[in-house]
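Let's take a walk through this one together. Keep the viewer open, and pick out each residue as it comes up.

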Amino acid sequence: MNKIIRSKAPLRLGLSGGGTDVEPYCSIYGGYVLNATIDLYAYCTIEEIQEDKIIFVAADREEIQTENLELPVKYNGILDLHKAVYNRVIKDFNQSETLKLKITTFSDAPPGCGLGSSSTLVVAMLKAYVEMLKLPLGEYDIAHLAYEIERIDLGWSGGKQDQYAATFGGFNFIEFYEKNRVIVNPLRIKNWMINELESSIVLYDTGISRNSAKVIEEQIQNIVDENEGATKASHQLKKEAVLMKEALLKAEFSQMNEILKNSWDAKKKISSLISTPQIERAYKVAMEAGAYSGKITGAGGGGFIIFMVNPVKKPEIVKALNQQEGKTVNFHFTKYGTEAWIV
């Protein structure tokens, strides 16, 4: 029987500092991000096959690509992430000897949702290869490799936090510096605090899938051009990440509400594409229903919004938001990062 490997990696909520993990900001000034993984996942299955081919499948998107055993597998805009991971693993860890495989993936959230789904998918695929080939790669190695595959091999714009969140899991305060130096600081949050935070958050899917690259490219250009407003706003986001970490560790929830509000105000200043009329409408509806504060989780332009609420008022805020174009999504925080196993 052919070997079957499965893996999964958790998606994340960006609580504070998102945007300061993007080049060139983090190399020039250093970036800080606070995020936490949730029980929505990207999944991967790798099967050894007899035919002389490689089959890439995204089951949730109903996309399939069959390729000959030639390296590198060519990119054509369909399942390029799958191909890029395969190309890199075969080149770096299998002496460029091709493998006859079927790689199938699916995700609990669509691309462009702001929960780091693309990077999380790369991490899940890498973890499956690590298990299959018994590669000596630790968490930092997997996260950095995932970053290189997306940002260098494919040239896709984006930050660095998603790869590390998906690999490590849990609540993390992550520092980003020049020369790709990253430090992940896992936070020890008491269970009652995690429960209270879960009870105090409404996660709302705007239903808008956006191209995060456009948002991030404008953000990058603003830093390169030394746009004073955007640079100052990024500094503010970095400062808010430190304050959010302190508030979280001390369980100062009213402080967290205030920081989230300030972070959203600052985030909108780093690119004109971060907010939209639909996002502003949902924000207004939530505030009128009693939410304390909220912000986009991810690059912006669409995807998910986190609202901080009084748990007692949560049902009416959920009801009000569900009457809008999007929908609320239930979730729980998770403690573990990417995992893989042999069937």
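Which residues in H4 meet which residues in H5? From H4, the contact takes in Glu139, Tyr140, Ile142, Ala143, His144, Ala146, Tyr147, Glu150 and Arg151, and on the H5 side they meet Gln163, Tyr164, Thr167 and Phe168. Sorted by class, the residues of this contact come out as seven nonpolar, three polar and three charged. Bear in mind as you look that this is a predicted model.

Now for the geometry of that pair. Two packed helices are described by the angle between their axes and the distance between the axes. Here H4 covers residues 139–153 and H5 covers residues 161–168; their axes come within 9 Å and cross at roughly 145°. The crossing of H4 past H5 is right-handed.

Next, the empty space. Rolling a probe the size of a water molecule over the atoms shows where empty space is left. In this model, one cavity of 30 Å³ or more turns up, and the largest cavity holds about 30 Å³ of space. Its lining is made up of Ser16, Gly17, Gly18, Leu237, Ser263, Lys267 and Lys295. By class, that lining has one nonpolar, four polar and two charged residues.

One of those lining residues, Lys295, leads us on to leucine 15, since Lys295 is also among the residues that leucine 15 touches. Leucine 15 sits in strand E1, which runs over residues 4–16. Is leucine 15 buried or exposed? Its relative accessible area is 4%, so it counts as buried. Setting aside residues up to four places away in sequence, leucine 15 touches Leu34, Asn35, Ala36, Phe171, Met244, Leu260, Lys295 and Ile306. For a sense of scale, valine 318 is 303 residues from leucine 15 along the chain, and their C-alpha atoms are separated by 20 Å.

Phe171, another of leucine 15's contacts, takes us to an open site. The second largest pocket is lined by 15 residues, and Gly170, Phe171, Leu187, Thr334 and Lys335 are the ones that lie nearest its centre. Two elements, strand E6 (171–176) and helix H6 (191–199), give two or more residues to this lining. H6 gives the most, with four residues. The pocket has about 230 Å³ of space, and its lining divides into seven nonpolar, six polar and two charged residues.

From Thr334 in that pocket lining you can step across to aspartate 39, which touches Asp108, Phe331, His332 and Thr334 when residues up to four places away in sequence are not counted. Aspartate 39 belongs to strand E2, residues 31–48. With a relative accessible area of 29%, aspartate 39 falls in the partly exposed class because that value lies between the 20% and 50% cut-offs. Leucine 126 is 87 residues from aspartate 39 in sequence, and the two are 19 Å apart in space, C-alpha to C-alpha.

Serine 117 is worth a stop too. You'll find serine 117 in helix H3, which spans residues 117–133. Its relative accessibility is 7%, and therefore serine 117 counts as buried. Leaving out neighbours within four places in sequence, the contacts of serine 117 are Leu11, Ser107, Ala109, Pro110, Pro111 and Gly112.

Finally, some backbone oddities. Most residues other than glycine have a negative phi, and most peptide bonds are trans. What is the peptide bond from glutamate 23 to proline 24 like? That bond is cis, with omega near 5°, and proline 24 lies in the loop between E1 and helix H1 (25–29). Leucine 71 and proline 72 are also joined by a cis peptide bond, with omega at about -10°. Proline 72 is in the loop between strand E4 (63–67) and helix H2 (80–93).

As for phi, glutamine 95 is not a glycine but has a positive value of about 50°. Look for glutamine 95 in the loop between H2 and strand E5 (101–107), where its relative accessible area of 65% makes it exposed. Glutamate 226, not a glycine either, has a positive phi of about 55°. The loop between helix H7 (212–224) and helix H8 (228–249) is where glutamate 226 sits, and at 65% relative accessibility glutamate 226 counts as exposed.

Technical notes. Residues are numbered from 1 along each chain as its sequence is written. This is a predicted model: local features need pLDDT of at least 70, side-chain atom pairs count only at pLDDT 80 or more; totals for chains, interfaces and linings use all residues. Side-chain values use heavy atoms; hydrogens and water are left out. On a 1 Å grid over the protein atoms alone, a cavity is a set of points where a 1.4 Å probe fits but cannot get out, and a pocket is an open set with protein on both sides within 12 Å along at least five of seven lines; lining residues have an atom within 4 Å of a point. Grid points are joined across faces, edges and corners, and a volume is the space filled by probe spheres set on the points. Ala, Val, Leu, Ile, Met, Phe, Trp, Tyr, Cys and Pro count as nonpolar, Asp, Glu, Lys and Arg as charged, and the others, Gly among them, as polar. Axes are lines fitted to C-alpha atoms, for helices over the stretch in contact, and angles run from 0 to 180 degrees between N-to-C directions. A crossing is left-handed if the near helix is turned anticlockwise from the far one by less than a right angle, and right-handed if clockwise. Contact means heavy atoms within 4.5 Å. Buried means under 20% relative accessible area, exposed over 50%, partly exposed in between (1.4 Å probe, protein chains only).
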